[in-house]
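I opened the notebook to go through this structure one place at a time. The entries below follow the order in which I looked things up.

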Amino acid sequence: MGREHLKSRLGFILLSAGCAIGMGNVWKFPWMVGQNGGGAFVLIYLLFLVIMGIPVMTMEFATGRASQKSMTKLYNELEPKGSKWHLHGYFSLAGNIILMMFYTVVSGWMLKYFVDTVMGKLTYEGITSANVDAHMDNMLSSPATLIIFATVVIVLGFLVCGMGVQKGLERVTKFMMVALLAIIIVLAVYSITLGGAKEGLKFYLVPNLDNMKEIGIGNVIVAAMNQAFFTLSLGIGSMAIFGSYLGKDRALMGEAVNVAVLDTFVAITSGLIIFPACFTYNVDVNAGPDLIFKTLPNVFGNLPGGRIWGSLFFLFMSFAALSTVFAVFENIIACVMDLTGWSRKKTCIIGTFAMIALSLPCALSFNLLSGINFPFLGDGKNIMDLEDFIVSNILLPLGSLVFVLFCTLKNAWGWDNFVAEANTGKGFKVKNWMRPYFTYVLPIIVAALFIVGIIPVGQNIYKLATGNVEEPAIVEEINTENDKELPPESVSDNSTDNEFVDKF
């Protein structure tokens, strides 16, 4: 049986964008803007998207299309004989699996909030901040709730992928992405009619150098660089697999630009929804991860027709999460099929049960296994934080570095082969003047991202090893005072303080 291909170019763009458009676009991007000076951060983010994200994505597309294989067999088709580049394929498969071990759980949160909002549990008259906080805490403290909704996500994902590339993945993702774009535009139009829209849009879109200096120019640049890179899900073959389903009629840098534009449109439009609402209801724009699960439900509770707007918002969030789940599941399925020779149906059946089992540690890390922490990652970091760290701070940046080196070094696939593949077809092409940048500058930027991501962990490990850990007396005193104000059923508010959404 020949390799499946996507039916249309639109399907390829929407699938690739669907993989990139995850919760990070809606959740992390707006509050990163809020914490890093507003419009100045947006401009720097766009710069790094162009000089870093698009080149690496083009390389993933090129290796996938040239090999017509998944990550576990991709390098075998392209690498020089006797080389070991193919080992990256196995790390990529592991990265996709570990990613889904926690991403499916949090996608279940989105489905749960959508269902609860539709049923009016989050938008009833008289709802208070304490009610919204307790709702989140109660969900996280219930193993059954987290497991059930994660299972729904997993079963949906393998059902869609099991139907095939064209009949299942492409067709369903097209519908979801079109619906997602329609919903986000409707929400944005409504939001900019609110009373605080002018102030919110000014903060969001107008660069403020004073705010940037106050935060630290270096900190803003690093934050924008991280967001621009990780939002595209690069480094573990999530884009390469769709390159392998693509025909030869379009040049690949142009397609990478299209995907990046769509991804950025969703991220920026999310801010058009959130910031006018925050300024209208005097909500702290620096609320962090709590913005989605605690702050915005309060806003919807006060909006006229809040049940409808809240339901649309969490439906949009669910589609954003599911589009990534479907895309990554396809990558896993293709890798396993190439390795084992199994049929798609058999792979999906076995994959469903395996993924449900693998998602349990994350689902239980907020309740039954909440006592398992990893101090080298920071205070209170749980199993999900460990899984996130392995993927986001290690496998994604190092995997991207491998792609860059493989496409530029002479003892690898090499520049000439990369350019020949990337430039096949119509559209924007890789230029020869880009070669020095791709070969020398880009690897340094990606390596710097990796180093920046592991420095805090290295510092924590050193402190733990030497016993040079500062006594958290002040923190404990503050927490003691805060605990007096919390209802007895509340759990620690660090339950939602996870950073995995920065990247996906």
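**Entry 1. Asparagine 382**

Where is asparagine 382 found? I located asparagine 382 in the loop between helix 16 (344–364) and helix 17 (383–408). The model I am reading is a predicted one. I then checked the accessibility of asparagine 382: the value is 7%, and the residue counts as buried because the cut-off is under 20%. I also looked for a partner of the side chain. A polar atom of the side chain of asparagine 382 lies 3.1 Å from the backbone nitrogen of methionine 384.

**Entry 2. The loop between helix 3 and helix 4**

I went next to the loop between helix 3 (39–67) and helix 4 (71–78), where I found serine 70. Glutamine 68 is in this loop too.

Is serine 70 buried or exposed? Serine 70 has a relative accessible area of 1%, so I noted it as buried. Its side chain makes a polar contact with the side chain of aspartate 338, at 2.7 Å.

Glutamine 68 I noted as partly exposed, with a relative accessible area of 23%. Its phi is near 60°, which is a positive value in a residue other than glycine.

In helix 3 I looked up leucine 47. Leucine 47 counts as partly exposed at 47% relative accessibility. I took one long-range distance from here: the C-alpha atoms of leucine 47 and glycine 425 are separated by 26 Å, and the two residues are 378 residues apart along the chain.

**Entry 3. Serine 233**

I looked up another positive phi, that of serine 233, a residue other than glycine with phi near 60°. Serine 233 lies in the loop between helix 11 (217–230) and helix 12 (240–243). I recorded serine 233 as buried, with a relative accessible area of 3%.

**Entry 4. Helix 13**

How many residues does helix 13 have? I counted 29 residues, from 252 to 280. From the first C-alpha to the last, helix 13 reaches 43 Å, close to the 42 Å expected at 1.5 Å a residue. Of the 29 residues, 21 are buried, so helix 13 is largely enclosed by the rest of the structure. Just after helix 13, I noted that asparagine 282 takes a positive phi of about 55°.

**Entry 5. The cavity**

Rolling a probe the size of a water molecule over the atoms shows where empty space is left. I searched the whole structure, and one cavity of 30 Å³ or more came up. The volume of the largest cavity is about 110 Å³.

Which helices each supply at least two residues of the lining of the largest cavity? I listed helix 8 (165–191), helix 13, helix 14 (290–302) and helix 15 (306–340). Among the lining residues are Leu187, Tyr190, Ile273, Ala277, Phe300, Trp309 and Phe313. Ser191 is also in the lining. By class, I recorded 11 nonpolar residues in the lining, one polar and no charged.

**Entry 6. Aromatic pairs**

A pair of aromatic rings is described by the distance of the centres and the angle of the planes. My count came to 26 aromatic pairs.

I took phenylalanine 300 and phenylalanine 314 as one case: the ring centres are 6.4 Å apart and the planes are at 75°, so this pair is edge-to-face. Phenylalanine 300 lies in helix 14 and phenylalanine 314 in helix 15, so the pair ties together parts that are 14 residues apart in sequence. Phenylalanine 300 is buried, with a relative accessible area of 8%. Phenylalanine 314 also counts as buried, at 1%.

I then looked at phenylalanine 418 and phenylalanine 438: their ring centres are 6.3 Å apart and their planes are at 35°, so this pair is tilted. Phenylalanine 418 lies in helix 18 (residues 415–422) and phenylalanine 438 in helix 19 (residues 435–466), so the pair ties together parts that are 20 residues apart in sequence. I found both phenylalanine 418 and phenylalanine 438 buried.

Last, I wrote down one aromatic cluster, formed by Trp109, Tyr113, Phe293, Phe300, Phe313, Phe314, Phe316 and Phe366. Phe300 and Phe313, members of this cluster, are also among the residues that line the largest cavity.

How values were computed:
Residues are numbered from 1 along each chain as its sequence is written. This is a predicted model: local features need pLDDT of at least 70, side-chain atom pairs count only at pLDDT 80 or more; totals for chains, interfaces and linings use all residues. Side-chain values use heavy atoms; hydrogens and water are left out. Helices (H or I, at least four residues) and strands (E, at least two) are DSSP runs, numbered from the N terminus. The expected span of a helix is 1.5 Å times one less than its number of residues. Buried means under 20% relative accessible area, exposed over 50%, partly exposed in between (1.4 Å probe, protein chains only). On a 1 Å grid over the protein atoms alone, a cavity is a set of points where a 1.4 Å probe fits but cannot get out, and a pocket is an open set with protein on both sides within 12 Å along at least five of seven lines; lining residues have an atom within 4 Å of a point. Grid points are joined across faces, edges and corners, and a volume is the space filled by probe spheres set on the points. Ala, Val, Leu, Ile, Met, Phe, Trp, Tyr, Cys and Pro count as nonpolar, Asp, Glu, Lys and Arg as charged, and the others, Gly among them, as polar. A polar contact is a pair of N or O atoms within 3.5 Å; within protein, one must be able to donate a hydrogen and the other to accept it, and residues adjacent in sequence count only if both atoms are side-chain atoms. Rings of Phe, Tyr and Trp (its six-membered ring) pair if their centres lie within 6.5 Å; planes under 30 degrees apart count as stacked, over 60 as edge-to-face and the rest as tilted.
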